[in-house]
Amino acid sequence: YSQVESAMQTLRIPPFDRAPQFTWADMWQRYQLSARALLAATLALGALAATLALGRRRMAHTSRSLQQSAAALHQEHARLTNIIAGTAAGTWEWSVTTGAISINARWAHMLGYTLDELAPISIATWWRLTLPQDLAKSQALLQAHFRGETDSYDCELRMRHKQGHWVWIHDRD
């Protein structure tokens, strides 16, 4: 009988002359597993899209904050550079842990040198240029400061100028 039924369907002979009525219930019954999988996938994609949108918004906010911070740092750096240049102060920074020293050109000029003439610059450079008895006084004041006995380091000492004479330096942190 299946061959006859197949031929009747192909030729659309009654009762196969009309398309059968499908309801949502028929669809649900037949495709329930696929429909649930599609719904779960849709929800997962929606959640992922929402998470990405939120992340993008946070990244944009973070990027703006970083740009504002960078601009503020640049402005502060320029301000401090102008202050140091305006006061003609010789500055030096000492990394106690490494012994490295960073000095500005004005500091070197006060002693008659250029930065290149003093390179490589380290704490040994500073010790070499300091009058020995003033170096002992400076080291005692530094140790007192490191032990927390003083709020800051402040010392007047003499350093040898390139031409051989001693120059008074007011040294402080």
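Buried here means under 20% relative accessible area, exposed means over 50%, and partly exposed is in between (1.4 Å probe, protein chains only). These legends describe a predicted model, where local features need pLDDT of at least 70, side-chain atom pairs count only at pLDDT 80 or more, and totals for chains, interfaces and linings use all residues. Residues are numbered from 1 along each chain as its sequence is written, and side-chain values use heavy atoms, with hydrogens and water left out.

**View 1. The whole chain, with 6 helices and 4 strands.** Helices (H or I, at least four residues) and strands (E, at least two) are DSSP runs, numbered from the N terminus. From start to end, the order is α-α-β-β-α-α-α-α-β-β. With a radius of gyration of 41 Å, well over the 16 Å that the globule rule gives for 173 residues, the protein chain is more spread out than a compact globule. That radius is taken over C-alpha atoms, and the rule is 2.2 Å times the number of residues to the power 0.38. The C-alpha trace spans about 125 × 35 × 25 Å along its principal axes. Of the 173 residues, 18% are buried.

**View 2. S138, a residue of helix α6.** Is S138 buried or exposed? Its relative accessibility is 0%, so S138 counts as buried. Contact means heavy atoms within 4.5 Å. Leaving aside neighbours within four places in sequence, S138 is in contact with W126, Y153, C155 and L157.

**View 3. W126 and the largest nonpolar core.** A nonpolar core is a set of buried Ala, Val, Leu, Ile, Met, Phe, Trp, Tyr and Cys residues joined through side-chain atoms within 4.5 Å. This one has 19 residues, and W107, L111, W126 and M159 touch the most other members. At least two residues of the core come from each of β2 (101–103), α3 (105–110), α5 (123–129), α6, β3 and β4. With neighbours within four places in sequence left aside, the contacts of W126 include W92, I101, W107, L135 and D171. In soluble globular proteins, nonpolar side chains tend to be buried together.

**View 4. The aromatic cluster of W92, W94, W126 and F146.** Rings of Phe, Tyr and Trp (its six-membered ring) pair if their centres lie within 6.5 Å; planes under 30 degrees apart count as stacked, over 60 as edge-to-face and the rest as tilted. How many aromatic pairs does the structure hold? There are 3. One of them is the tilted pair of W94 and F146, at 6.3 Å centre to centre with 50° between the planes. Because W94 lies in strand β1 (residues 92–94) and F146 in helix α6 (residues 132–146), the pair ties together parts that are 52 residues apart in sequence. W94 is partly exposed at 25% relative accessibility, and F146 is partly exposed at 42%.

**View 5. The hairpin of β3 and β4.** Two strands pair if DSSP finds at least two bridges between them. Here β3 and β4 (residues 166–172) pair in the antiparallel sense over 7 bridges. L157 has I169 as its bridge partner, while M159 stands opposite V167. Between the strands are 5 residues, and G164 takes a positive phi near 105°.

**View 6. The two faces of β3 and β4.** In a regular strand the side chains alternate between the two faces of the sheet. Along β3 (residues 154–160), C155, L157 and M159 point to one face and are buried, whereas D154, E156, R158 and R160 point to the other and are not. On β4, the covered face has V167, I169 and D171, and the uncovered face has W166, W168, H170 and R172.
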